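Me: I'd like a close look at one part of this model, the aromatic packing. Could you walk me through it in one go, and then tell me what else is worth a look?

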Amino acid sequence: MVKLFEKGLPEKAVLRKLESKLKQDFTYSSGRILGSMCTRPHEFARYVHMKCLEKNLGDPGLFCAATQLEQEAIGMLGSLLSHPKAYGHIVSGGTEANILALWAARNLAKNKRHEVVAPVSAHCSLDKAANLLGLKLIKVKLNDRFQMDIKEAEKTVTEKTVAIVGVAGTTGLGAVDPIHELSEIALAHGLYFHVDAAFGGFVLPFLEELGFNVPDFDFRVPGVCSVTVDPHKMGLAPIPAGGILFRNEEMMRSISTSVPYLAGGGTDHTTILGTRSGASAITVWGLLMHLGRQGYRGVVGRCMRLTSKLVEGIRQINGISLKTIPTLNIVGITSNELDIELVAGELRRMGWAVSLFSSYIRVVVMPHVRLSHIEHFLEDLKGTVEKLGG
Ligand SMILES: Cc1ncc(COP(=O)(O)O)c(C=O)c1O
């Protein structure tokens, strides 16, 4: 147990303690983190973030410039997602963004309906959102391409449904739900339709520009009311930086709370947090300005090339296989012969931070991953599979 000292320690002594404590943590630069959707923030982002630590977007009257920069960042994200006039905020992450979307859906329906239809592959933040908001999440099974099954979704929609959620880049396998078809169902029933593109939102537009065949998933699809897109995943921004974009102001205003007492003058909040990081939003602005489409295309192209290397390597190891052909830089490794949990356990013992889902290991080829890391991982994976008798 650590007690608060009466007299503080000199900075140097604190930093020495800190360095020694932090040694226990994984680092992105080691290349060992292969199961996270976060990455090492861009160098320029670190610099911008440090400059803006005191900015509080909860009090926009005091920080007008920061507030304007947040709105410019939302405009740039909106233009990435085919709606430069979108309304929204840079928030704490995908979880907050998904909560805000369902909060808006519930309020717009005036609490008359309470069921949310989402795929079983939806991120657990939607369970949290439903729980907080008194909604019931109804999970729809997937088709053989790990997307929400449209026929099942259609059957699941009833007069109790308040919203449909589709995922563009599922957490497990990076699958993209059939957003057009879901939009049609939502429009036909007058339902709110949210797209969780927390991960895919910073990948799919650039894949399209790189010539990949990418289905529409954003505001181009007419029924889409809001989109989650997280700069602290493939956007290279420091944590916390999520994004929520609404199609129109009315949707965003539906979750508004008046805050009269602020030093900068009364305002309305349309986020969960009150005091919130201006540094995060300004850093997203700085990164989008600095990297532009070309910069992000480069990042995504490199991750996809390494993903192909990983896929080729997995195909050459007897005893394991791909869960599905990857759409994004997310790879699922499975086995018909081996207990995949044992494989994951062995890899973790060897120092690889991979994710384990119920029937597969997930590797996310993030920007911090290098070719040498993939080669090393494949060697250890092969060794593990052979040791376990594959
Ligand atoms: C599709 C999706 N949505 C939402 C989230 C939640 O994001 P966060 O952890 O930033 O709250 C994740 C996290 O991995 C995700 O994959």
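Reply: Start with Tyr-296, which is buried at 2% relative accessibility. Bear in mind that this is a predicted model, so every number here is computed from predicted coordinates. Tyr-296 sits in helix α10, which spans residues 278–315, and its ring has two partners to go through.

Take Phe-202 to begin with. The rings of Phe-202 and Tyr-296 are 5.2 Å apart centre to centre, with 55 degrees between the planes, and that makes the pair tilted. A tilted label fits because planes count as stacked under 30 degrees and as edge-to-face over 60. Phe-202 lies in the loop between β5 (192–196) and α8 (204–209), so its pairing with Tyr-296 ties together parts that are 94 residues apart in sequence. Phe-202 is buried too, with a relative accessible area of 1%.

Then there's Phe-206. Its ring and that of Tyr-296 are 5.6 Å apart, centre to centre, and the angle between the planes is 25 degrees, which puts this pair in the stacked class. Phe-206 belongs to helix α8 while Tyr-296 belongs to α10, so this contact links parts 90 residues apart in sequence. With a relative accessible area of 2%, Phe-206 is buried.

Put those together and Phe-202, Phe-206 and Tyr-296 make up one aromatic cluster. The model's count comes to 4 aromatic pairs, and the two described above are among them.

Another ring with something to show is Trp-352: the charged end of Arg-32 sits over it, 4.0 Å from the ring centre.

Now for the ligand. It is surrounded by 14 residues, and the closest are Thr-95, Thr-171, Asp-196, His-232 and Lys-233. Sorted by type, the shell has 2 nonpolar, 9 polar and 3 charged residues. Helix α4 (residues 94–108) gives the most to that shell, with 3 residues.

Some polar contacts are worth checking in your viewer. Asp-196 has a side-chain N or O atom 2.6 Å from a nitrogen atom of the ligand. On the oxygen side, a polar side-chain atom of Thr-171 is 2.8 Å from a ligand oxygen atom, and Lys-233 likewise has a polar side-chain atom 2.8 Å from an oxygen atom of the ligand. As for cover, the ligand taken alone exposes 390 Å², and the protein buries 84% of that.

Note on methods
Residues numbered from 1 in each chain as written. Predicted model: local features only at pLDDT ≥ 70, side-chain atom pairs only at ≥ 80, totals over all residues. Heavy atoms only, no water. Near = heavy atom within 4 Å. Polar contact = N/O pair within 3.5 Å; in protein donor to acceptor, adjacent residues only side chain to side chain. Areas by Shrake-Rupley, 256 points an atom, 1.4 Å probe, with all protein chains shown as cover. Helix = DSSP H or I, 4+ residues; strand = E, 2+ residues; numbered from the N terminus. Nonpolar A, V, L, I, M, F, W, Y, C, P; charged D, E, K, R; others polar. Phe/Tyr/Trp six-rings, centres within 6.5 Å; stacked < 30°, edge-to-face > 60°. Buried < 20%, exposed > 50% of the residue type's maximum accessible area, 1.4 Å probe, protein only. Lys NZ or Arg CZ within 6 Å of the ring centre and 35° of its normal.
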